[in-house]
Each structure stands twice: as structure tokens, then as C-alpha cells.
Amino acid sequence: MTNHIAEKLNQIQQRINDAATSANRDATTIQLLAVSKTKPVSDIVLAYEAGQRHFGENYVQEGVEKVHALQHLSELTWHFIGPIQSNKSALISQGFAWCHTVDREKIARRLNDQRPDDLAPLNVCIQINIDNEPTKSGVLPEQIAPLADFIQTQPRLSLRGLMAIPKAQPNAIEQTKTLSHLQNLYHDLQQNYPNIDTLSVGMSADLAPAIAHGSTMVRVGTDIFGARAPRPD
Ligand SMILES: *Cc1c(COP(=O)(O)O)cnc(C)c1O
């Protein structure tokens with residue numbers, strides 16, 4: 001039986017390479033995060049066997065179960081990329097290496113306080129609500145700096161950068177506007193925090209434009225693992 005997921009990963013890597021070349025960037029500076037939400041552990045194992053090491057999960061309970069089921073695989077790095085309810089923050093802080101969706105001080109403080117001492121600091125990104133959508137989580141641009149300043153005071157957190165989920169735009173001009181705005185916010189933050197190195201943006205549908213606008217981490221689900229069944233939450 002062929003490993004279909006391995007083929008998909010190859011195709012995505014090719015798309016990343018092509019987008020990087022077009023943007024005059026080094027493709028090795030762009031990390032692929034395989035988004036495995038709703039997909040079985042067996043699919044993650046296939047991706048792992050094909051060399052994929054970074055995986056993203058959106059739902060705390062499901063993610064933690066997978067983390068435990070795959071503890072025996074070395075070098076797996078788990079990223080939490082879903083909305084955070086404060087009563088679930090401990091599970092995130094204990095189970096994951098990264099959290100991309102920090103959007104308030106209270107959550108940052110809890111993640112810090114709950115990070116186990118035997119683990120490295122939790123890598124965090126601030127989620128930006130780049131299109132100011134009422135239904136989406138994330139901070140507004142003017143809230144980035146104060147939240148970054150707060151995260152910086154938390155010894156068990158390591159601020160790595162920004163994350164956003166831009167909404168689907170009707171045309172390339174609007175899309176470019178949004179992605180440029182995000183890239184500018186990222187560069188502004190880098191002025192104050194030269195160590196930040198992560199702009200987490202770009203999914204199956206907008207991978208290439210995101211890379212053209214400085215993405216350092218693309219989060220791809222559908223184009224690796226196939227379509228997802230709808231989920232109640
Ligand atoms: C589901 C999800 C993805 C992956 O989206 P696809 O369109 O399936 O590639 C990326 N980022 C976040 C935050 C997601 O929830």
C-alpha cells in the first residue's frame with residue numbers, strides 16, 4: 001500500500017519551495033505545520049514516517065489524547081492552534097511545546113503558571129484578529145504591544161511571534177492588503193523584540209501568498225490529510 005499522506009506532504013513541500021523561490025526566500029526558513037485535527041492517530045503516524053515532525057491540533061482533549069498515544073515517537077513537536085478556554089489552559093501547558101493562540105493576559109499568566117518545571121518554556125505566538133471579525137479570537141493591532149510586554153515578563157513562556165487566520169478575500173488585492181498589514185505588524189514587533197522569529201500564517205488555500213508576505217510557518221490540514229468531517233464545536 002502506498003503512503004498517500006507522504007505524497008501529499010511532498011506536494012506541499014514543493015508548493016512551499018515554489019512560493020519561496022518566487023518570493024526570493026530560502027524555503028528552509030519556512031516550517032510546515034501539519035494540522036491533524038479530527039484525523040486519526042494512524043494518519044499522524046503515516047506523516048511521521050514520511051518525515052513530518054511538527055503537528056498542530058485545535059481541540060484540547062483530542063490533542064492531549066494524541067500527544068499521549070504518540071509519546072513513543074521521538075522528536076514530535078506539538079502545537080496548539082485552537083481557541084483557549086481558561087479551564088483547559090493547564091492541559092495545553094502540560095501537553096504542547098507551542099501555543100499559537102494567546103490572546104489575553106489572563107491566559108498567558110495561566111499558561112506560564114501551569115507550565116511544568118521539567119519542560120522548556122512554552123513557545124507562544126500572539127493571535128491577531130487581523131480582519132477585526134467579531135466572531136474570531138485574537139487581539140487588535142494596538143493590543144499587540146502590551147500583551148507582548150506582559151508575555152515577556154513570564155519566565156515559563158517564550159514569545160516567538162504572531163499568528164493570524166485571515167479571512168478568505170474576494171480578490172488578490174484585498175488579500176495582499178491584509179497580508180501586508182500583518183507583515184508590518186510582525187516587523188514592528190521585531191523592532192522591540194529582535195528574538196522573535198515566527199509569523200504563523202497561511203493554510204491550504206493561501207499558502208503561497210502567505211509565504212510571499214513573510215510567513216515562517218504555514219499550517220496545512222486539508223491538503224495533507226484530506227477534507228474534515230464537520231464537528232459540533
Ligand atoms: C484547521 C486549521 C488550519 C488548517 O486549515 P486547512 O484549510 O485545512 O489547511 C490551520 N490553522 C488553523 C488555526 C486551523 O484551525
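Visitor: How far from an oxygen atom of the ligand does a polar side-chain atom of Ser 204 lie?
Guide: This is a predicted model, in which local features need pLDDT of at least 70 and side-chain atom pairs count only at pLDDT 80 or more, while totals for chains, interfaces and linings use all residues. Residues are numbered from 1 along each chain as its sequence is written, and side-chain values use heavy atoms, with hydrogens and water left out. The pair at Ser 204 is a polar contact (N or O atoms within 3.5 Å), and its separation is 2.5 Å.

Visitor: Which residue has a backbone N or O atom 2.8 Å from an oxygen atom of the ligand?
Guide: A side-chain N or O atom of Lys 37 is 2.7 Å from a ligand oxygen. At 2.8 Å, the backbone partner belongs to Gly 221.

Visitor: What share of the ligand's exposed area does the protein bury?
Guide: Taken alone, the ligand exposes 390 Å² (Shrake-Rupley method, 1.4 Å probe). Of that area, the protein buries 90%.

Visitor: How many residues surround the ligand?
Guide: The shell takes in residues with a heavy atom within 4 Å of the ligand. It divides into six nonpolar, four polar (Gly counts here) and three charged (Asp, Glu, Lys and Arg) residues. Among the closest are Asn 58, Thr 222 and Arg 228, and the full number is 13.

Visitor: What radius of gyration does the protein chain have?
Guide: For 233 residues, a compact globule would have a value near 17 Å (over C-alpha atoms, 2.2 Å times the number of residues to the power 0.38). The chain agrees with this, at 17 Å.

Definitions and conventions. Polar contact = N/O pair within 3.5 Å; in protein donor to acceptor, adjacent residues only side chain to side chain.
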